[in-house]
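Thank you all for coming, and please keep the structure open on your screens while I talk. I will go slowly, and I will try to give the reasoning behind each label as we meet it.

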Amino acid sequence: MENQQNLNNGSHALVIGSSMAGLLAARVLVNHFDRVTVVERDRLPQQPELRPGVPQANQVHVLLTQGQRLLEQLFPGLEAELATAGAPKVNWTADYPLLGIWGWFPRVDSDLVTHTCSRSLLEWLVRRRLSAYQNLQFLDQTQVTGLLSDNSNSKVTGVKLRCRNPSELTELTAHLIVDASGRNSSLPKWLEALGYPSPKETTINSFLGYSSRWYERPDTFQADWKVLTVVQKPPFERRGGVIYPVEGDRWVITVAGIGRDYPPTDEAGFLEFVRSLRSPILYEAIKNAKPLSPVYGYRRTENLWRHYEQLPRMPQGLVALGDAVCSFNPAYGQGMTTAALGALALERCLQEQRLTGLTRRFHKQLARVLEIPWMMATSEDFRWETTEGGKPDLITRLMHRYMDRVILQAVNNPEVYRRFAEVIHMVKPPSVLFAPDILAKVLAQVIKVQQNTTSSVNEVNTPPPQLTKLV
């Protein structure tokens with residue numbers, strides 16, 4: 001039977017969308033299928049350029065350390081290509097001053113090292129790598145408009161297409177369809193058209209908005225940092241920002257406001273918003289820098305999980321991953337790393353060399369992958385009373401109190417900070433922050449609070465001495 005087919009004998013896989021999730025899925029599929037086709041609605045540029053299908057590409061895109069390690073695993077030598085393209089190398093605990101809720105974190109060495117770059121450069125390098133595979137084809141300027149299925153609708157057999165040229169093919173068959181079309185995925189309505197239920201959706205929205213502008217890094221710039229962040233401080237300080245270096249000796253400056261405190265997109269309003277942050281350090285760095293772009297705004301930042309893993313039934317030959325399943329508040333930088341973890345979950349499922357039951361196996365595994373980043377993102381968003389989609393339960397509130405103490409310890413203890421950073425970069429699980437030595441430090445701090453001996457704890461919103469020389 002068709003749904004018993006092994007992954008050989010002319011097998012074909014089709015990916016909807018050339019997002020990072022789609023590209024990483026394609027990299028996995030070329031190992032298991034004779035042919036792989038990536039269908040993309042946009043025209044794919046032949047060099048690093050923006051495209052309409054990635055409206056948030058002008059904002060800062062952080063690839064966490066775990067994400068860069070996974071990409072290097074899938075594309076050996078990619079880090080060297082980033083370096084050759086001029087992507088700065090950043091040690092995320094030594095080169096990165098971070099003003100957290102309790103003050104400036106210490107500067108310590110670690111192995112949390114990545115190359116920072118634009119989203120456009122990273123996608124282009126990955127597409128170029130994929131183009132070297134003889135069994136992979138990009139079909140751009142083509143839109144998937146629906147699914148094809150067998151007579152019983154129990155198996156998806158291909159997709160319906162809308163092409164730029166009406167004379168071109170309007171259908172394409174495949175043994176496996178991977179939906180990586182992003183937040184605006186049409187898969188729920190396509191399932192309904194085949195007689196299946198659409199997945200339950202969970203949405204947690206803190207109403208965070210971004211504005212970003214690109215700058216030329218000043219020739220006279222002198223400082224001992226490469227990336228710089230001032231974060232929000234619940235419940236009142238709703239504004240934060242980051243300076244992020246990318247290839248071409250450029251900075252991307254992104255500022256954000258939570259609870260509909262959206263940063264303006266006009267020049268004067270943008271600069272005033274930067275000036276209003278709880279530390280002046282970002283404003284001092286950019287006030288004399290040369291802008292290279294207009295101010296770009298972006299407000300589609302809600303956490304959204306489509307629970308395909310909970311569906312009682314789905315047609316065979318179909319999976320979804322990336323933002324098509326679960327998208328996060330971009331403030332936490334988890335999207336591309338989680339997409340890589342999802343692609344590797346697909347790899348594990350495909351290693352069984354059978355398509356039967358793949359849909360359910362994969363979505364169960366993907367749900368386990370999503371649990372930790374979802375918990376990390378939504379629990380932070382629940383710190384704000386304006387967040388909609390639910391309220392923090394008792395466990396979440398207790399976690400907030402505990403994590404506040406851990407962060408306070410991290411401000412004063414380089415080893416605690418190093419482990420905290422490893423969790424943020426998804427290198428280690430959050431459970432490491434409950435290790436006995438950290439628990440002991442937190443309990444000791446609680447005792448001090450009860451004894452009213454915390455007067456020495458003093459947040460410093462102005463830059464520490466080593467950061468005062470900026471330009």
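Let me begin with R107, which counts as partly exposed because its relative accessibility is 24%, and buried would mean under 20%. I should say at once that this is a predicted model, so please keep that in mind throughout. R107 has a partner, D224, and the two form a salt bridge in which the closest N and O atoms are 3.7 Å apart. What I would like you to notice is that this pair links distant parts of the chain, since D224 sits in the loop between strand 13 and strand 14, whereas R107 sits in the loop between strand 5 and strand 6, 117 residues apart. D224, for its part, is also called partly exposed, because its relative accessibility is 38%.

Why should such residues pair in the first place? In general, side chains of opposite charge can pair when their charged atoms come close. In this structure there are 26 salt bridges, and I will pick out a few of them.

Take D437 and R419, whose side chains meet in a salt bridge with an N to O distance of 2.3 Å. This pair, too, links distant parts of the chain, with D437 in helix 12 and R419 in helix 11, 18 residues apart. Is R419 buried or exposed? With a relative accessible area of 13%, R419 is buried, while D437, at 31%, is partly exposed.

R361 and E352 form another salt bridge, and here the closest N and O atoms are 3.2 Å apart. R361 is buried, because its relative accessible area is 17%, whereas E352 is partly exposed at 38%. There are also residues that are linked in a network of salt bridges, namely E40, D42, R51, R119, E123 and R127.

Now let us turn to charges on the surface, where R348, R360, K364 and R368 form a positive patch. Which element gives the largest share of that patch? The answer is helix 9, residues 358-381, which contributes 3 residues. R348 lies in helix 8, residues 335-350, and R348 counts as partly exposed because its relative accessibility is 42%.

From the surface we can move to helix 2, residues 65-74, which is largely enclosed by the rest of the structure, because 7 of its 10 residues are buried. Those buried residues are T65, Q66, G67, Q68, L70, L71 and L74. If you ask what they pack against, the partners are helix 1, helix 3, strand 6, helix 4 and helix 8.

Finally, I would like to show you some details of the backbone. P234 and P235 are joined by a cis peptide bond, with omega at about 5 degrees, and P235 is found in the loop between strand 14 and strand 15. N153, which is not a glycine, has a positive phi near 60 degrees, and N153 lies in the loop between strand 8 and strand 9. F207 also has a positive phi, near 55 degrees, in a residue other than glycine, and its place is the loop between strand 12 and strand 13. As for accessibility, N153 is partly exposed because its value is 24%, while F207 counts as buried because its value is 12%.

Key. Residues numbered from 1 in each chain as written. Predicted model: local features only at pLDDT ≥ 70, side-chain atom pairs only at ≥ 80, totals over all residues. Heavy atoms only, no water. Patch = residues over 30% accessible without salt bridge, like charges linked within 9 Å, V, L, I, M, F, W, Y side chains within 5 Å. Areas by Shrake-Rupley, 256 points an atom, 1.4 Å probe, with all protein chains shown as cover. Salt bridge = Lys/Arg side-chain N within 4 Å of Asp/Glu carboxyl O. Lys, Arg positive; Asp, Glu negative; His and termini not counted. Charge placed at Lys NZ, Arg CZ, Asp CG, Glu CD. Helix = DSSP H or I, 4+ residues; strand = E, 2+ residues; numbered from the N terminus. Buried < 20%, exposed > 50% of the residue type's maximum accessible area, 1.4 Å probe, protein only. Contact = heavy atoms within 4.5 Å.
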